[in-house]
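Me: I should like to learn how to read the empty spaces of a protein model. Where does one begin?

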Amino acid sequence: MRKFFLFFIVVVALLPILPTPEFWITLANYIGLSAIVVLGVVLLTGVGGMISFGQAAFVGLGAYATAYLTTQFGLSPWIGLLVGLLITAAAALALGLITMRLSGHYLPLGTIAWGLSLYFLFGNLEFLGKYDGLNGIPSIKLLGITLDSGREIYFLIWLVVILAIVALQNLLNSRPGRAIRALKGGGLMAEAMGVNTARMKIVIFVIAALLACISGWLYAHLQRAVNPTPFGLNAGIEYLFMAVVGGVGYVWGAILGATLLTLLKDQLQSILPALLGSNGNFEVIVFGIMMVLLLQRASDGLWPYLRQWFPQKPLALAPDVAVALARRSRPASGTVVLEVDRVRKEFGGLLAVNDLVFDVCAGEIMGLIGPNGAGKSTMFNLVTGVLPVTRGEIRFRDTHGLQRIDGLPARQIVKRGIGRTFQHVHLLADMSVLENVALGAHLRGTHGDLAGIFTSILRLNKTEEQTLLFEAKVQLERVGLGALLYEPAGSLALGQQRLLEIARALCCDPTLLLLDEPAAGLRYQEKQALAELLRKLKAEGMSILLVEHDMDFVMNLTDRLVVMEFGTRIAAGLPAEVQQNPAVVEAYLGGID
Ligand code: ADP
Ligand code: MG
C-alpha cells in the first residue's frame, strides 16, 4: 500500500512535467478538486455514517468568500482562503449543532435544505453578482510564483489532495479515528466506550465542510470567475455519487470515484448529445442507472476490487512494550460497589422493573437471572445509563465513596469504572480485533477530543497510540485472543466475539464488569472457556454482574443470585438456595413439577 502511494505521487508529479496535452491537465485539475470534496464525504458518510447532500454549498462558500474579497477589496487570495475557512467552519458548526443531534433522515434533509438555500442566496445577492456571479478573480501567488495556468495550479491542487489523503489516513488510524469509525450503527456502542458521539459527529461534519471550502477556493482561482451553478444540489449529489462509486468507506475510494466520474462525465457530455441529437444533461440519467446497478452488485464501491492487488498491512500494530497505563485503585474485597435501590422502570403502561433492590460487592460474581422478558436487559440498561430510571436510585463506588449514577449519560458511567458488553455483539466487523479492543481504552487517552484530532492528523500521537494499543493487546491476551490481534473482528466465531467484547470492556480499567447474556448462543466448549475466564477475572479482584437467562451456566459460577420475573424480584441468595426456591422453579418450569 505504501508502494502504491509512492507510485501515485510519482504519477501525479510527472503528469504536468511531461508533455501532457492541456486538455488532460484541465481534467486532472477537476478530478483533484472533486477528490478534495469527496475525501470529506468519505469521512462523513463512509466512515461516520452520516449522509450529506450539501457539500457543494460549502464549496460555494469557499469560492464566493475568496471571489468577493479579492475582486471587491483587492485582498490576497490567502486572506480569501482564511476568511472562507472561518465562515465555513462557523456555518458547518451552526448547521451541525442543529441537525446532528437529530437522528434518522433529518441530517440528509437538513443538508438538502441548506444546499438549496445557499444556492439561491448566491444567485440573489446583489453584491455577489446574482446569477452572473463575480469575474476577474486574481491568481494565487505561491513562493513568488503566480499560478496563472492550469498546469501551474495543478501542483497546488494535487498537493492539497495528497495532504488531505495523508491527514485523513493519520486521523482514521488513531484514537479519535476509531471513535469516528464507531459512530456508524447508531452510536450506542461508541457512547458506551466513552465517546461523546454528538460532538464527534459535529467535528467530522466541520472537517468535511472545510475540505469542501478549500476545493472551492482553488476552483475560484482556477476559473477566475464564479457563479452559483456548480454549487447547487446537483453538484452535491454528484459528490455523493463519486464517493459511492469509488467506495465510500475508503480514502482511496474518493480518488477513484472522483477520477472515474469526472472522466465519464466528460465523455458522456460529448457523446450523448451527438448520439441523441439534442442538448441536455443526459449524463445524469446514465449516472443514475450506473448507481442503481452498482449498489446492487458492489455496494462497497469499486475500490475493494482494486485493493485486492495490494498487500494489506493492518492499520494499527501493537507494540511489544509500552508505558503501562495508570490503574484505578480497587475497593477492598467485600465492600459494596453497586447498589440498586428500589429502582423502577415503566415503558408507558408496562412495568419492566418493579422497585428492584440488590447490590454487588467487590470481588464477587453476582448473577441477575430470570426468564425471557423478566426485565434483565432493562435493568442492565438502567445501570449503564442507556435508559433513565423512572424512580429509585443507583449508586456506584468511586474514590469518593458510593455516588449516585442514575441520570448520568452512558459515557460518564463508563468513565467511573463500569465496563459492559452487549447482549447482541456490537463490534466493527471490518476493523481488526486489536483496534476494536483499543476503542475500549478511548477514555484513557491523554488528549481532549479536539486536541486529539489535531495531534492525530499531525502524527504527534505516537506515545498515546502505542500505550493504548499495548493496553488492548494486554487485555486480548488476558481473555485468550492474543493470537488473533490483526484478524478482522467479523471473521471471529461468536464465542470469540464475546471474549473480544470482554477485552474491550476491560480496557476502560473497570471496577465492575456488566455482562448481558454472555453465554447465549455459545457452544458447550465456548461456555466452559467463558466461565473459566470469568473465574480468573474474579480471582484478580474484578466485580462482575452477570445477567443471564441460562440457569445452568450461572449455578457453578456465581457467588450470589437475584431472580427476576415480570420485573419483580422473586428470590435472592446463594445459588444452591435459590435453586430450591419453589417460586424460582415455578418461574423457570412454568409450574410443571
Ligand atoms: P429480558 O432481558 O429479561 O429478557 P427485557 O428487559 O428485555 O427482558 O424486557 C422486559 C420487558 O420490557 C419486556 O416485556 C419488554 O417487551 C419490555 N421492554 C424492553 N425494552 C422496552 C422498550 N424500549 N420499550 C418498551 N418496552 C420495552
Ligand atoms: Mg435481555
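Reply: Begin with the term itself: a cavity is a set of grid points where a 1.4 Å probe fits but cannot get out, and its lining residues have an atom within 4 Å of a point. The general idea is that rolling a probe the size of a water molecule over the atoms shows where empty space is left. The structure shown here is a predicted model.

Me: How many cavities of 30 Å³ or more does a search of the whole structure find?

Reply: The search finds 2 of them. The largest cavity holds about 50 Å³ of space, and the second largest holds about 30 Å³.

Me: Which element gives the most to the lining of the largest cavity?

Reply: That element is α15, with 3 residues. Both α15 (410-416) and β8 (418-420) supply at least two residues of this lining. The residues concerned are Ala192, Thr384, Val386, Ala410, Ile413, Val414, Ile418 and Arg420.

Me: How is the lining of the largest cavity divided by class?

Reply: It has 6 nonpolar, 1 polar and 1 charged residues.

Me: What lines the second largest cavity?

Reply: Its lining is made of Ala192, Met193, Val414, Ile418, Gly419, Arg420, Gly440, Arg504, Ala505 and Cys508. Ala192, Val414, Ile418 and Arg420 line the largest cavity and also appear around the second largest one. Here β8 gives the most, with 3 residues, while β8 and α19 (494-506) each supply at least two. By class, this lining divides into 6 nonpolar, 2 polar and 2 charged residues.

Me: How should I read a pocket, as opposed to a cavity?

Reply: A pocket is an open set of points, with protein on both sides within 12 Å along at least five of seven lines. In this structure, the second largest pocket has a volume of about 870 Å³. Of the 28 residues that line it, Pro230, Ala235, Glu238, Lys265 and Gln269 are the closest to its centre.

Me: Which elements give two or more residues to the lining of the second largest pocket?

Reply: They are α2 (22-47), α9 (197-223), α10 (233-246), α11 (251-276) and α12 (283-297). The largest share, 7 residues, comes from α10.

Me: What classes of residue make up the lining of the second largest pocket?

Reply: The lining of this pocket has 15 nonpolar, 9 polar and 4 charged residues. Glu238 and Lys265, two of the residues closest to the pocket centre, belong to types that count as charged.

Definitions and conventions:
Residues are numbered from 1 along each chain as its sequence is written. Chains are lettered from A and ligands numbered from 1 in the order in which they are written. This is a predicted model: local features need pLDDT of at least 70, side-chain atom pairs count only at pLDDT 80 or more; totals for chains, interfaces and linings use all residues. Side-chain values use heavy atoms; hydrogens and water are left out. On a 1 Å grid over the protein atoms alone, a cavity is a set of points where a 1.4 Å probe fits but cannot get out, and a pocket is an open set with protein on both sides within 12 Å along at least five of seven lines; lining residues have an atom within 4 Å of a point. Grid points are joined across faces, edges and corners, and a volume is the space filled by probe spheres set on the points. Helices (H or I, at least four residues) and strands (E, at least two) are DSSP runs, numbered from the N terminus.
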